[in-house]
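Got the model loaded in your viewer? Keep the selection box handy and follow along.

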Amino acid sequence: MSKLISGKEALIALANGEAVEYNSDGAWWEIDGNCALKIFDQSWDYRIKPRTITINGIEVPAPFKPKTMGEQYFFLYPSNEEGYGMNYFDCDDHETWMQFGAWRSEDEIKQVVSALRSILSKQT
């Protein structure tokens, strides 16, 4: 799940052109331009809408580029049984590990590995 933000941060993100969602009764709903400003006074959870890409017709989380020292990231690692590995960003020399992208959570990388494996299973 994406990081939760305050109503004020959500309003600023919208003003900056980002897609923002709020959680009502366990479902995420995108805030559109017709929304009243009082929605940001509610005690809902807000987040920047997660960005996605499509692999073999399957929508998965988009990769990101770690920038903060010590930031955890997951990467594709085909020779590992799980198909991925985990590392912490600590220098600019991570291009080997992140050459196919980096994902924020284990849940995200598992979705990517599953989508890629589905390509191979259709070929056999």
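Below is a walk through the sheet, a helix, two cores, a loop and a pocket.

First, the ground rules. This is a predicted model, where local features need pLDDT of at least 70, side-chain atom pairs count only at pLDDT 80 or more, and totals for chains, interfaces and linings use all residues. Residues are numbered from 1 along each chain as its sequence is written, and side-chain values use heavy atoms, with hydrogens and water left out.

**Stop 1: the open sheet.** Helices (H or I, at least four residues) and strands (E, at least two) are DSSP runs, numbered from the N terminus, and two strands pair if DSSP finds at least two bridges between them. Select β1, β4, β2 and β3: in that order, these four strands make an open sheet with antiparallel pairing. β1 (4-5) and β3 sit at the edges, each pairing on one side only. As background, strands of a sheet pair through backbone hydrogen bonds, either parallel or antiparallel.

Zoom in on β2 (residues 20-24) and β3 (residues 27-30), which are antiparallel and joined by four bridges. S24 is the residue to pick here; across from S24, in β3, is A27. Which residue in the turn of this hairpin has a positive phi? Click D25: its phi is about 55 degrees, and the hairpin leaves two residues between β2 and β3.

Now go to the other partner of β2. Strand β4 (residues 45-48) pairs with β2 over four bridges, again antiparallel, and V20 faces I48 of β4.

**Stop 2: helix α1.** Pick L11, which belongs to helix α1 (residues 7-15). Is L11 buried, exposed or partly exposed? Its relative accessible area is 37%, so L11 is partly exposed (buried means under 20%, exposed over 50%, partly exposed in between, with a 1.4 Å probe and protein chains only). Draw a distance from L11 to Y46: their C-alpha atoms are 9.8 Å apart, though 35 residues separate them along the chain.

**Stop 3: the cores.** A nonpolar core here is a set of buried Ala, Val, Leu, Ile, Met, Phe, Trp, Tyr and Cys residues joined through side-chain atoms within 4.5 Å. Select I55, V60, F74, L76, Y84, W103, I109, V112, V113 and A115 to show the largest one, with 10 residues in all. β7 (72-76) and α2 are the elements giving it two or more residues, and α2 has the largest share, four. A second, separate core has seven residues, including I5, A13, I31 and Y46.

Back in the largest core, center on I55. Beyond its neighbours within four places in sequence, I55 is in contact (heavy atoms within 4.5 Å) with V60, V112, A115, L116 and I119.

**Stop 4: a loop and its helix neighbour.** Next is N56, in the loop between β5 (52-55) and β6 (58-61). N56 is not a glycine, yet its phi is positive, near 55 degrees. With a relative accessible area of 38%, N56 counts as partly exposed. Then select S118 in helix α2 (residues 106-123). S118 is buried, at 15% relative accessible area, and S118 touches N56 and I58, not counting residues up to four places away in sequence.

**Stop 5: a pocket lining.** Finish by selecting L76, Y77, P78, N80, G83, F100, V113, L116, R117 and L120, the residues that line the second largest pocket (an open set of points on a 1 Å grid over the protein atoms alone, where a 1.4 Å probe fits, with protein on both sides within 12 Å along at least five of seven lines; lining residues have an atom within 4 Å of a point). α2 gives the most to this lining, four residues.
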